[in-house]
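Let's take a walk through this model together. Keep the 3D view open and turn it as we go.

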Amino acid sequence: MTNVQSAGGSPWERGGTRFWIVSVSLLAVLATVISMVAIVISHPKDDEVSVATDGQTAAAEFPGREIDLGAEPDESFEPRDPKAPPAPEGTLHQITMTATEEELEIAPGFKQTMWTFDGKVPGPVLRGKVGDTFEITLVNDGTIGHSIDFHASKVAWNDEMRTIDPGEELVYRFTAKHAGIFMYHCGTPPVLHHIGNGMYGAVIIDPPDLAPVDHELVMMQSELYTAPAGEVASLEKMLADRWDAVVFNGYPNQYQHRPIRVEPDQRIRVWVMDDGPSENSSFHVIGTIFDTTFKEGTYLLRPDARQGGSQTLDLQPAQGGFVEFSFDVAGLYPFVTHKFSSASIGAVGLFQAGDVAPDEGGADS
Ligand SMILES: [Cu+2]
């Protein structure tokens, strides 16, 4: 036994040598396979890279269509009127609002079925004063349940904000007890889906000392989520924050296509509402400084001896306020959300102060 072992090794030892040779070979093959897989994983295909790095195509992993943000709207395109409506006379405002589901043009040459209040996205801007009573009759002309939730109100969620079926209506009555610009939206679950498909707007409740201005405007910022033709955008896309555009008053770059005309030295107030549903806003006007800012019910800045200036109004979803400013010289003044990843996908507009042609440059800077 001993000799056999010393002369040529035991069968176990000879078998062990083969075992180790085979094992090492297998390990080498395995390591090669693992490293090849690692190389493939670390070098994704070109289209996967573009999905991960290009904000405009980040939504491509969800069903939808691509908005051409460089396209011009038709000659006949009328932008959403940015003027803030005046507060109506009287202290009781009886208004009917209708929930609809209809196809709208939400970008140049791009139509999509949206859920709306009164057939538009955003819904109408309502206005009143502290102490006024709003009596809103909500009519559901859609095919699914809808509702309305006014942030300007103090009412029971299970009563006025209840969901009504198609064909039904309800009366939502509230007295405005606090000043500011407040979001309203459909509150039917999943709320994200109903807001993301268009059911949102704003109510302005004037502070008692609101000074007169030359131009008073409203900008409601929101995201657009595209869907396959004939469909509404999916909840999954909204849950993943995969918007396709960020817009003021429902349409990408509409006030760049149709600038807002003002004059130098005129005083301008812009009410800004972040209707989201999910993206924040940092409202900024290029070429001027705000001397007055009002956010979430209070003045942050008013002209005084300290001569402070403000460059942006920062808002999270469902926050609002206003800014006041003027332009010192004639020219073009873009306005943006200074979160430029949002500005670059539709959240840009243009003031034209005085007689200067909108195509004289600067609009894209
Ligand atoms: Cu709804």
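Two strands count as paired here if DSSP finds at least two bridges between them. With that in hand, look at V218 in strand β9: its bridge partner in β12 is W271. We'll come back to that pair, but let's get our bearings before we do.

What you're looking at is a predicted model. The protein chain has 365 residues, of which 37% count as buried, and it holds 7 helices and 19 strands. Take the contacts between residues at least 6 apart in sequence: 74% of them join residues at least 24 apart.

How far can you trust it? The average pLDDT of the protein chain is 87, and 82% of the residues score at least 70. Residues 1–15 are another matter, with pLDDT below 50 and 2 contacts in the model beyond near neighbours in sequence. Residues 32–57 also stay under 50, and for this stretch the model has 11 contacts beyond four places in sequence. Where pLDDT is low, the predicted coordinates should not be read in detail.

Now to the sheet that holds our opening pair. It's an open sheet of 6 strands with mixed pairing, in the order β10-β9-β12-β17-β14-β15. The edges belong to β10 (245–248) and β15 (298–301); each has a single partner strand, so one side of each is left without a neighbour in the sheet. On average, neighbouring strands in this sheet are turned by 20° against each other, direction ignored.

Let's cross it from the β10 end. β9 and β10 run antiparallel and share 4 bridges, with S222 standing opposite V247 in β10. β9 itself covers residues 215–224 and is mostly covered, with 9 of its 10 residues buried. Its pairing with β12 is parallel, over 8 bridges, and this is where V218 meets W271.

Next along is β17. Strand β12 (residues 268–276) is joined to β17 by 6 bridges, and the two run antiparallel; R269 has E324 as its bridge partner in β17. Then comes β14 (residues 292–295), which pairs with β17 (residues 320–325) in the antiparallel sense over 4 bridges. Two spots to find on that seam are T293, whose bridge partner in β17 is V323, and K295, which stands opposite G321.

Is β17 enclosed or open to the outside? Count its residues and you have the reply: 6 of the 6 are buried, so β17 is largely enclosed by the rest of the structure. That goes for both faces, with G320, F322 and E324 buried on one side and G321, V323 and F325 buried on the other.

W271 deserves a second look. Leaving out residues up to four places away in sequence, W271 touches A84, I181, I204, L217, V218, G320 and F322. Among these are V218, its bridge partner from β9, and two residues of β17, G320 and F322. W271 is also one of the residues with the most contacts inside the largest nonpolar core, alongside F182, A202, V203 and V272. That core has 72 residues.

There's another open sheet to visit. It has 5 strands in the order β11-β19-β18-β13-β16, again with mixed pairing. Here β11 (260–262) and β16 (313–315) stand at the edges, and each has a single partner strand, so one side of each is left without a neighbour in the sheet. Neighbouring strands of this sheet are turned by 20° against each other on average, direction ignored. Inside it, β13 (residues 281–285) and β18 (residues 331–337) pair in the antiparallel sense over 3 bridges, and V285 stands opposite F335 in β18.

One last stop, earlier in the chain: E101, in strand β1 (residues 92–107). Why does E101 count as buried? The cut-off is 20 or more other C-beta atoms within 10 Å, and E101 counts as buried because it has 20 such neighbours. Leaving out residues up to four places away in sequence, E101 touches T113, W115, G142 and T143. For a long reach along the chain, try G198: 97 residues separate it from E101 in sequence, and their C-alpha atoms are separated by 9.6 Å.

Note on methods: Residues numbered from 1 in each chain as written. Predicted model: local features only at pLDDT ≥ 70, side-chain atom pairs only at ≥ 80, totals over all residues. Buried ≥ 20, exposed ≤ 12 C-beta atoms within 10 Å, placed from the backbone. Contact = placed C-beta atoms within 7 Å. Axes fitted to C-alpha atoms, helices over the stretch in contact; angles between N-to-C directions. Core = buried A, V, L, I, M, F, W, Y, C linked by C-beta atoms within 7 Å. pLDDT = per-residue confidence, 0-100.
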